[in-house]
Amino acid sequence: MGCQLQKRTRLKAKTNLESIVIEIPYVPFGSLYISFTTVEEQLCQLKESSSISQNLSGLQKLYECVEDFLSTQDGKCLDTVLEGSIMLLDVCSIIKDVLSQMRQYVQELQSSIRRRSNEVSEYMTSRKKITKVIRKCLADLKNNKKNDTEISLLAEVEATTLAVFESILSFVSAPKQNKSLISKLTLTKRIAHSEETSEVMKVDIAVKALTKGIEVNNVQKTLGALEMTLQDLEDGLETVFRCLIKHRVSLLNIN
C-alpha cells in the first residue's frame with residue numbers, strides 16, 4: 001500500500017466526500033495492524049470502482065473485514081460510530097423502500113402499456129413523489145458529512161458506505177431538466193443515441209415523450225431493463241442491510 005511505518009502509522013485515503021487522514025498506533029506484526037490494513041485495502045478497492053453493483057458487493061466484503069477489525073478493539077471511543085450505525089441502517093432502509101416503490105411503479109406502467117391504456121400520468125405523479133423523498137435523503141446525507149481532517153478507520157468505513165448510498169440515490173433520482181429536453185428532436189436523439197444514459201433516465205425521457213404523444217420504440221424493453229436493474233440493486237442492498245445489522249450488534253457487544 002505504499003504506507004511508511006514510523007512511530008505511528010499514518011495513512012491517507014481519498015473518498016468522494018473529502019480527503020482524510022487516519023492515524024492508529026503502530027503495531028508491526030500484531031492482529032490489529034493486519035486487520036487494519038485488510039479493511040484499508042477493501043476501502044481502496046471501493047474507491048477505484050465505478051459500478052454501483054460492484055460497490056454493493058464491495059461493501060459486503062468490507063464489513064466482513066470490519067468484523068475482524070472489531071475483534072481487536074476494546075470499546076473505547078466507539079460511541080460516535082455506534083450512533084452512526086443507526087443512521088446507516090435508517091438510510092439503507094429508506095433506499096430499499098425507494099427502489100421497491102420504483103420497481104412497483106415500473107411494473108404498473110408496463111402493465112398499462114400492454115393494456116394500451118398508457119396511464120403514464122400516474123407514473124409521472126408517482127415518480128415526482130418518490131423524487132422528493134430521494135432529494136430529501138440526499139440533502140440529509142450532505143448535511144451529515146463530516147468535516148474532520150483526522151478520523152478513525154471506522155468513521156472512514158461509515159463515510160464510504162454513505163458515499164455508496166449517495167451514488168444509488170443519485171442514480172435513481174430525476175435530474176432537473178429544462179423545457180427544451182421535452183422536444184421531439186431532443187427526446188428521440190437521447191433515447192436512440194445516448195449509450196451513457198442510465199436506464200432510469202431512458203424511462204423518464206420515454207415517459208415524457210409518451211405524454212407529448214411522441215411514439216417511442218422499444219419502451220417495454222427499456223422498462224424491463226430498468227426493472228431488472230432495480231431488482232439487482234434491491235438484492236444487493238438487502239445483503240448490505242444484513243451486514244449493517246451484524247455490524248451494529250458487534251459494536252454493542254464491544255461496549
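Colour by secondary structure first. This predicted model has eight helices and two strands. Follow the chain from its N terminus and the order reads β-β-α-α-α-α-α-α-α-α.

Now show the whole protein as a surface. The accessible area comes to about 14100 Å². Carbon and sulfur atoms hold 49% of that area. Of the 255 residues, 47% count as buried. Switch to contacts: among those with a separation of 6 or more, 77% join residues 24 or more positions apart.

**The core**

Hide the surface and select Val-39, Phe-165 and Val-172. The largest nonpolar core has 62 residues, and these three touch the most other members. Next, pick out the helices around them. At least two core residues come from each of α1 (31-48), α2 (52-70), α3 (79-114), α4 (120-143), α5 (153-172), α7 (199-211) and α8 (219-254). Highlight α3 in its own colour: its share of this core, 15 residues, is the largest.

Centre on Val-39. What does Val-39 touch, leaving aside residues up to four places away in sequence? Show Leu-62, Cys-65, Val-66 and Phe-69, then add Leu-153 and Val-157.

**Leu-70**

Move to Leu-70, in helix α2. Is Leu-70 buried or exposed? Its relative accessible area is 3%, under the 20% cut-off, so Leu-70 counts as buried. Display the residues it touches: Leu-154, His-247, Ser-250, Leu-251 and Ile-254, with residues up to four places away in sequence not counted. Then draw a distance from Leu-70 to Asn-253, C-alpha to C-alpha. The two lie 183 residues apart along the chain, and the viewer should read 10.0 Å.

**Two cysteines**

Select Cys-65, one of the residues that Val-39 touches. Its relative accessible area is 13%, which is under 20%, so Cys-65 is buried. Go on to Cys-137. Here the relative accessible area is 6%, so Cys-137 is buried too. How many disulfides are there in the protein? The count is zero. A disulfide would be a covalent bond between the sulfur atoms of two cysteines.

**Rings and a charge**

Finish with the aromatic side chains. The count of aromatic pairs comes to zero. One ring does have a charge over it: select Phe-241 and Lys-96. The charged end of Lys-96 sits over the Phe-241 ring, 4.2 Å from the ring centre.

Technical notes: Residues numbered from 1 in each chain as written. Predicted model: local features only at pLDDT ≥ 70, side-chain atom pairs only at ≥ 80, totals over all residues. Heavy atoms only, no water. Phe/Tyr/Trp six-rings, centres within 6.5 Å; stacked < 30°, edge-to-face > 60°. Lys NZ or Arg CZ within 6 Å of the ring centre and 35° of its normal. Core = buried A, V, L, I, M, F, W, Y, C linked by side-chain atoms within 4.5 Å. Buried < 20%, exposed > 50% of the residue type's maximum accessible area, 1.4 Å probe, protein only. Helix = DSSP H or I, 4+ residues; strand = E, 2+ residues; numbered from the N terminus. Contact = heavy atoms within 4.5 Å. Areas by Shrake-Rupley, 256 points an atom, 1.4 Å probe, with all protein chains shown as cover. Disulfide = S-S within 2.5 Å.
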